[in-house]
Amino acid sequence: MKDTISALLEEALASLKQQGLVPDDVSPSFKVDPTKDKAHGDYASNLALMLAKPAGKKPRDVAEALVQALPATDAVSKVEIAGPGFLNFFAATDAVAQIVPTILNTGDTFGRSMRGTGEKVQVEFVSANPTGPLHVGHGRGAAIGDCLCRLLEATGYDVTREFYYNDAGAQISNLALSVQARAKGLTPEDPSWPADGYRGDYIVDVANSYLAGETIHADDQHVTGAADADDLEAIRRFAVAYLRREQDLDLKAFGVEFDVYFLESSLYRDGKVEQAVQRLIDNGHTYEQDGALWLRTTDFGDDKDRVMRKTDGGYTYFLPDVAYHLDKWQRGFKQVINEQGADHHSTVTRVRAGLQALEADIPQGWPDYVLHQMVLVTRSGEEVKLSKRAGSYVTLRDLIDEVGRDATRYFLAARRADSQLTFDIDLARSQSNDNPVYYVQYAHARLCSVMRKAETDGMPFDRELGFANLAQLEADQEKALMNRLARFPEVVEHAALNREPQQVAQYLQDLAADFHTCYNAVKVMVEDDALRNARLALGLATRQVIRNGLDLLGVSAPEEM
RNA sequence: GCGCCUAUAGCUCAACCGGAUAGAGCAACGGCCUUCUAAGCCGUAGGUUGCAGGUUCGAGUCCUGCUGGGCGCGCCA
């Protein structure tokens, strides 16, 4: 419908140009938007307002000329000029209702497009260090990242989900020392406990498993505990494998799976870190100072230069990051999105600066970043800070176990990444109308119930009869619902291109509200065969779109509640 | 001190490339179940979009300055 109106306006615009009312070189990016107020029709355009200045006329006069020039069509029943010069389009009921067969004929693919034309996109997200269980912040990253991937896939991109494991840095040495200390029976209270050691109870589990000689299956590798508390290297390998497996299990329980697990250690093993260093030195962007090797990132917008090789010969985390991103580029990803916590935002400038310094024809501003703000968890109005297992933070596993996968995913993905999120456990658990997840799922279950009723009453949906009588869907609530359904594809595209999964959640709540309103206003199971089947068709279409939308969020669509 | 994010109804949040009278839910108040799931619906009330300027036909949205909140400013990641 929106496209139809845009096309009509394009023709009218061409006609005005021909008449000499508008200069030929004007091609405004005008909008055709759904109206907020029914009095303004179904769609409104600002084209006349955009043309007023170049045409040297009053907006309303331009609007008048546009209306005159609009080609005839039976999709639109009425066009009005309103306000400062908006064109209000009233869609013909028949035309609006055509969305119903469109949805039912395309089914699961309704809302999908080939906008991305199969282009490769990589989304890196979660990327937690294998030093402990995933926390709520990782959960937010997982929910946002995975929904983004689903949106991009629905928009026609070839998506790779990637998880980067920092398995080579100082944090890992720290982990090994902590597990070793536990294996030797030390506790964090002991004076010889390693400085900055990990204190959570899970370290005890790792140590016990190691001492018991258990075998860990993580990814493609199997690591068996050497049971030797003095073999720090064996402890390190075992602990990393153990925690990676644990994180994988949590992510699986959350419905998130990755295509590629990229290990930081592989960058060292394959010489990619060395190559990156050499390239930066060769390009003349480095200098030695205080016994360290620095990269002049200030040449590329950073506020201070950064150390890349420490006085002890080791590299700072930032250098493998640069090497890693060069590798992404060389793998052919013209589009890369990094989803991370905003507490790491300082790496954005740094990594981009490092990539520019490589002089590898990587565009400025590559890669994209989606940064999410902190998550605060509350219960009974109080902040929850501790979990026994992890110590100082709430784990993703805690949330999934307590409130369920659907509610956890929905809550973590339904807010703009930019704003801080308060995760209210009581609200997420509540099976009541103040819980948005249930509100949407209930709409789906209710529709399933209607369909079941149609079957059991011996009046199953007759597709041909339904499609033939869609013009009978004349109630305001039905028109509003159909207009909402028609918007789904643009919502998907918009959410994908702007990297804003929360728009899908917002849309679903609006759609569910439109449906519930309709449900209360209009009875589906009426005697009149024609009318009943038209309404069943609308119901099925609504159910399909709710299902498609929930699927983009990775949330289930229950048939009964 | 500097950088990034943020401020919208009592609360939690929306608002598509700048569009018409800023929208939902919760909480409050009043209604709707002998009829397809009341986990629902209808209605009432609730706003100087943090403050002050600017840009223009038009600003919650863009620009500048302030104020409050979060995060960051390591040879940690």
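**Close-up 1. Helix α21 gives the most to the lining of the largest cavity, with 4 residues.** Keep in mind as you look around that this is a predicted model. The structure holds 1 cavity of 30 Å³ or more, and the volume of the largest cavity comes to about 130 Å³. Which elements give two or more residues to its lining? Besides α21 (529-553), they are α17 (436-456), α19 (476-497) and α20 (502-521).

**Close-up 2. Here are the residues around the largest cavity.** Its lining is made up of 13 residues. If you want to find the centre of the cavity, look for F515, C518, V524, R535 and L538, which lie nearest to it. What kinds of residues make up this lining? Sort them and you get 9 nonpolar, 2 polar and 2 charged.

**Close-up 3. Helices α20 and α21 pack against each other.** Their axes sit 10 Å apart, and the angle between the two helices is about 155 degrees. Angles over 145 degrees count as roughly antiparallel, so that is how α20 and α21 run relative to each other. And the handedness of the crossing, left or right? The crossing of α20 and α21 is left-handed.

**Close-up 4. This is where α20 and α21 touch.** On the α20 side, look for V504, A505, Y507, L508, L511 and F515. Across from them, α21 brings T542, V545, I546, G549, L550, L552 and L553 to the contact. Nonpolar residues account for 11 of the residues here and polar ones for 2, with no charged residues in the contact. You have met F515 already: this α20 residue in the contact is also one of those nearest the centre of the largest cavity.

**Close-up 5. Now for the second largest pocket, with about 800 Å³ of space.** Its lining takes in 28 residues, and those closest to the centre are K2, A486, R487, P489 and E490. Which element gives the most to this lining? That would be α19, with 11 residues. Other elements that give two or more are α1 (2-18), β1 (32-34), α4 (93-97), α5 (99-106) and α20. By type, the lining of this pocket splits into 13 nonpolar, 7 polar and 8 charged residues. Two of the helices should look familiar: α19 and α20 each give two or more residues to this pocket, and they do so for the largest cavity as well.

Note on methods. Residues numbered from 1 in each chain as written. Chains lettered and ligands numbered in written order. Predicted model: local features only at pLDDT ≥ 70, side-chain atom pairs only at ≥ 80, totals over all residues. Heavy atoms only, no water. 1 Å grid on protein atoms, 1.4 Å probe; cavity = no way out; pocket = protein on both sides within 12 Å on 5 of 7 lines; lining within 4 Å. Points joined across faces, edges and corners; volume = space filled by probe spheres on them. Nonpolar A, V, L, I, M, F, W, Y, C, P; charged D, E, K, R; others polar. Axes fitted to C-alpha atoms, helices over the stretch in contact; angles between N-to-C directions. Parallel < 35°, antiparallel > 145°, perpendicular 65-115°, else oblique. Left-handed = near helix turned anticlockwise from the far one by under 90°. Contact = heavy atoms within 4.5 Å.
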